[in-house]
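I opened the notebook today to follow the helix packing, the sheets and the chain contact. My entries are below, in the order in which I looked things up.

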Amino acid sequence: MLDKLALYLSKPFVQNALIVGVLIALCASLLGVTLVLKRFSFIGDGLSHVAFGAMAVAMVIGLTNDMLLILPVTVVCAILLLRTGQNTKIKGDAAVAMISVGALAFGYLLMNIFPTSGNISGDVCSTLFGSTAILTLSKTEVWICIALSLLVVVFFIFFYNKIFAVTFDENFARAVGTRAGTYNFLIALVIAVIIVLAMKLVGSLLISALVIFPALSAMRLFRSFKKVTVFSGILSVVCSVAGILISILAETPVGSTIVAVDVVVFGICWLIGLITTGGNK
Amino acid sequence: MSYIQARNLSVGYEGEAVGEQINFTVDPGDYLCIVGENGSGKSTLMKTILNLQKPLGGEIIIGDGLKKNEIGYLPQQTPVQKDFPASVEEIVLSGCQARCGLRPFYNKEDKALAQENMEKLGIDFLKKRCYRDLSGGQQQRVLLARALCATRKILLLDEPVSGLDPKVTAEMYELIRNLNKEGITIIMISHDISAALTYANRILHIGENIFFGTKEEYLNSNVGRAFVISHEKEGEDHVG
């Protein structure tokens, strides 16, 4: 088994998958803490369905580089969704649900009305649940992913204190002059970028898992924002490496294996939390 | 000149006014209590003073060297905060945001200020503890320490004692009184008319009738007498 692993690890496509997997998992978990605490756990789900819809449109009109369409559309939706927190004609969760299922339905509809390949259900299934795409990354895609991930991490470190202030108490932050609107906008922008990247890894149905599980696991164990953030980053990276390796060895689908590992780890953290706090929290 | 001066102010949201023709001034050293029935627009007025929302009419003039971001604020707790994993230190430090501007990290002075305010409010020993594990009174002290990091001049308190038991409530009021004696101007929203009359030197009553003046003037006004009596009754009803 170790031989098999060593053999795979020497292949460039596996190395690429690991690099991209680690980076995406890290980025997703960093903002996950904020999103979970702001009660936006489902935004990942909503946005990834939007990305799915945009991808269907890109496929139908025959764009060679579908990123050109998916990224801007997702970013716009992310900004709209995170804005609804302020004017509450439609509550945040309802808005997410609406956009989410709406985009999913339209995407699937378009793919059926204007089929571009013989195997529609195969196409749909692979975009929803992630596919072998992570194993067929081109050099350019890997570099784009590295660059964007670095940007996300740098953004997060530099604005860490502002993100904390805005997440913990937006009204207070605004009252003392923090430009909460701007930071919410930036958070929306970054989360959209992460989701578009993560679609390649786990597919659009499972993205929420990458965003919320590490954060929730870390919250079982730690009591300060910094520790929760750092630990959820570490957990997320470990889970995604483990998931990718297991999926290679056991020949299971990459995305769902990573998510399964995340779920198991959450269970473990929950248990440890229960034992250490004596079931108080 | 006054720190804050409101002229013919109307407050509300989505174009609907909940309070109109509000006039008042806040001078350095004042202790102003805003009282009124539920839904009379007390919190909305406070948000308008803080520039979190625009006035529907009239104006608020900030003066006497007070800058807009020098107003410390003790908001009511939000549901998000109830299970928020953050240490006391992290929260108090976040009050220094106003001083940071675009600077991304806290410097030594910020940390010293946070430490000083934690000591002042007697929560220094809690600084590594998680906010959500604290009692209601301790949580309010944390938020108060954070507000003090943001200002040396004026504090706006939105129902600072709601949900606290009588003993902790009394301690909280003492704490606020002491801050006022040290020269920090206080604006407080309160349900508790007897506390307002004990501690404040000025009263702003909003609702159907609007009154602004000193405590003594309020007690001699029709608005004030009616409100005080109705609340004393309410108190007796609770006891009975």
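**Entry 1: helices of chain A**

I began with α8(A) and α10(A), which are roughly perpendicular to each other because of their crossing angle (angles of 65 to 115 degrees count as roughly perpendicular, under 35 as roughly parallel, over 145 as roughly antiparallel and the rest as oblique). The axes of α8(A) and α10(A), the latter spanning residues 180-202, cross at roughly 105° and come within 10 Å. Axes here are lines fitted to C-alpha atoms, for helices over the stretch in contact, and angles run from 0 to 180 degrees between N-to-C directions. Helices (H or I, at least four residues) and strands (E, at least two) are DSSP runs, numbered from the N terminus.

Before going on, I noted the ground rules: this is a predicted model, in which local features need pLDDT of at least 70, side-chain atom pairs count only at pLDDT 80 or more, and totals for chains, interfaces and linings use all residues. Residues are numbered from 1 along each chain as its sequence is written, while chains are lettered from A and ligands numbered from 1 in the order in which they are written.

Which residues of α8(A) meet α10(A)? I found Lys162(A), Ile163(A) and Val166(A) on the α8(A) side, facing Ala180(A), Tyr183(A), Asn184(A) and Ile187(A) of α10(A). Contact means that the C-beta atoms of two residues, placed from the backbone, lie within 7 Å. By class I get 5 nonpolar, 1 polar and 1 charged residue for this contact. In that division Ala, Val, Leu, Ile, Met, Phe, Trp, Tyr, Cys and Pro count as nonpolar, Asp, Glu, Lys and Arg as charged, and the others, Gly among them, as polar.

I then looked up α3(A), residues 43-60, whose axis comes within 9 Å of that of α10(A) and crosses it at roughly 65°. The crossing of α3(A) and α10(A) is right-handed (the near helix is turned clockwise from the far one by less than a right angle; anticlockwise would be left-handed). From α3(A) the contact takes Ile43(A), Gly44(A), Leu47(A), Ser48(A) and Ala51(A), and from α10(A) Ile191(A), Ala192(A), Ile195(A), Val196(A) and Met199(A). I count no charged residues there, with 8 nonpolar and 2 polar.

**Entry 2: where the chains touch**

Here 25 residues of chain A are in contact with 24 residues of chain B. On the chain A side, α8 (160-168), α9 (170-175) and α12 (225-250) each give two or more residues. Which element gives the most? I found that α9(A) does, with 5 residues. The chain A side divides into 14 nonpolar, 5 polar and 6 charged residues.

**Entry 3: sheets of chain B**

I traced an open sheet of 6 strands in chain B, with mixed pairing and the order β5-β6-β7-β3-β8-β9. Two strands pair if DSSP finds at least two bridges between them. The edge strands, each pairing on one side only, are β5 (71-74) and β9 (211-214) of chain B. From one strand to the next, the twist averages 15°. β5(B) runs parallel to β6(B), residues 154-158, and 4 bridges join them; Ile71(B) has Ile154(B) as its bridge partner.

An open sheet of 3 strands in chain B has antiparallel pairing and the order β2-β1-β4. Its edges are β2 (16-26) and β4 (57-62) of chain B. I found 7 bridges between β1(B), residues 4-13, and β2(B), and Tyr13(B) stands opposite Glu16(B).

I also followed α1(B), residues 42-49, which lies across β3, β6 and β7 of chain B at about 150° to β6(B). α1(B) lies across β1, β2 and β4 of chain B as well, at about 120° to β1(B). α7(B), residues 166-181, lies across β3, β6 and β7 of chain B, at about 150° to β7(B).

**Entry 4: a helix pair in chain B**

My last stop was α5(B), residues 108-120, which packs on α6(B), residues 136-150, at about 135° with the axes 9 Å apart. The two, α5(B) and α6(B), are therefore oblique to each other, and their crossing is right-handed. Leu113(B), Ala114(B), Asn117(B) and Met118(B) of α5(B) make the contact with Ala145(B), Leu148(B) and Cys149(B) of α6(B).
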